Amino acid sequence: MSCIFCSFIRESHRCAKVGEDDLLFAFLDHAPMTRGHTLVIPKVHAEDLFHLDHDMYRLLFEGARRIAAELRMSLGAHRIELVVEGYGQPHLHLHLVPQYENKSVYKRRQISTQELIREAEHIASFLVPAFS
Ligand SMILES: [Zn+2]
């Protein structure tokens with residue numbers, strides 16, 4: 001089966017990777033709604049949240065909470081929005097969308113690959129060693 005998110009896990013140079021551990025992988029959305037818009041995915045291919053076993057379900061959200069804390073710290077975000085989505089890609093993914101004061105979240109930004117990678121490296125430098 002061809003899944004672009006699974007290919008990002010195998011070949012992380014194809015995306016702006018923020019970090020990973022044994023079970024999760026995080027990278028920046030290629031068309032971010034705000035600066036630092038991050039996708040968190042389980043390394044195991046799962047089509048939706050309800051295909052995860054209980055432990056993986058819990059670990060996914062615990063990982064998202066860790067990354068959200070790092071996004072707040074590294075980018076000075078006011079708060080982090082969470083969206084569970086599976087519309088565009090058949091691989092479960094959580095969107096962590098940093099919110100900044102007076103910024104609309106409903107318009108995606110155009111951003112160069114180089115800028116996206118610089119942003120991912122900046123965020124990754126704040127991550128705890130277990131998730132980098
Ligand atoms: Zn996949």
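**Entry 1: a starting residue**

In which strand is the place of leucine 24? I looked this up before anything else, keeping in mind that the model is predicted, and I found leucine 24 in strand E2. I then asked whether leucine 24 is buried or exposed. Leucine 24 has 23 other C-beta atoms within 10 Å, and because a residue with 20 or more counts as buried, leucine 24 is buried.

Next I listed what leucine 24 touches, leaving aside its neighbours within four places in sequence, and the contacts are Val40, Ile41, Pro42, Lys43, Leu60 and Gly63. I checked glycine 63 separately: leucine 24 and glycine 63 are 39 residues apart in sequence, yet their C-alpha atoms are 7.4 Å apart in space. I also noted that leucine 24 has a bridge partner in E3, and that this partner is proline 42.

**Entry 2: the whole chain**

I stepped back to the protein chain, which has three helices and five strands, and which reads along the sequence as α-β-β-β-α-β-β-α. The C-alpha trace spans about 40 × 30 × 25 Å along its principal axes. For a chain of 132 residues, a compact globule would have a radius of gyration near 14 Å, and the protein chain has 14 Å, so the value agrees with that expectation.

I wrote down two further totals for the chain. Buried residues make up 35% of the 132 residues. Among contacts between residues at least 6 apart in sequence, 59% join residues at least 24 apart.

**Entry 3: the sheet**

In what order do the five strands form the sheet? I traced an open sheet in the order E1-E2-E3-E5-E4, with antiparallel pairing. The edge strands are E1 (17-20) and E4 (79-85), each of which pairs on one side only. From one strand to the next, the twist averages 20°. Helix H2 packs on this sheet, where H2 touches E2, E3, E4 and E5, and the direction of H2 makes about 25° with that of E5. I then turned to helix H3, which lies across E1 and E2 and runs at about 35° to E1.

I went through the pairings with some care. E2 and E3 run antiparallel and are joined by five bridges, while three bridges join E3 to E5, which also run antiparallel. E4 and E5 pair in the antiparallel sense over seven bridges. For individual positions, I noted that leucine 39 stands opposite histidine 95 in E5, that valine 40 has leucine 94 as its bridge partner in E5, and that glutamate 81 stands opposite valine 97 in E5.

**Entry 4: strands E3 and E5**

How many of the five residues of E3 are buried? I counted five of five, and E3 is mostly covered. Looking at the directions in which its residues point, I found Thr38, Val40 and Pro42 on one side and Leu39 and Ile41 on the other, all of them buried. In E5, five of the seven residues are buried, so this strand is largely enclosed by the rest of the structure.

**Entry 5: the nonpolar core**

Which residues touch the most other members of the largest nonpolar core? Among its 28 residues, these are Ala26, Phe27, Val40 and Leu96. The elements that give two or more residues to this core are strand E2 (24-28), strand E3 (38-42), helix H2 (54-75), strand E5 (93-99) and helix H3 (113-124).

I followed valine 40 further, not counting residues up to four places away in sequence, and found that valine 40 touches Leu24, Ala26, Gly63, Ala64, Ile67, His93, Leu94 and Leu96. Leucine 24, where I began, is thus one of the residues that valine 40 touches.

**Entry 6: cysteine 6**

I closed with cysteine 6, which is found in helix H1 (residues 4-10). Cysteine 6 has 17 C-beta neighbours inside 10 Å, so cysteine 6 counts as partly exposed. With which residues is cysteine 6 in contact, leaving aside its neighbours within four places in sequence? I found His45 and His91. As a last check I took the pair cysteine 6 and alanine 77, which are 71 residues apart in sequence and 29 Å apart in space, C-alpha to C-alpha.

Terms used:
Residues are numbered from 1 along each chain as its sequence is written. This is a predicted model: local features need pLDDT of at least 70, side-chain atom pairs count only at pLDDT 80 or more; totals for chains, interfaces and linings use all residues. A nonpolar core is a set of buried Ala, Val, Leu, Ile, Met, Phe, Trp, Tyr and Cys residues joined through C-beta atoms within 7 Å. A residue is buried if 20 or more other C-beta atoms lie within 10 Å of its own, exposed if 12 or fewer, and partly exposed in between; C-beta atoms are placed from the backbone. Helices (H or I, at least four residues) and strands (E, at least two) are DSSP runs, numbered from the N terminus. Two residues are in contact if their C-beta atoms, placed from the backbone, lie within 7 Å. Two strands pair if DSSP finds at least two bridges between them. Axes are lines fitted to C-alpha atoms, for helices over the stretch in contact, and angles run from 0 to 180 degrees between N-to-C directions. The radius of gyration is taken over C-alpha atoms; the globule rule is 2.2 Å times the number of residues to the power 0.38.
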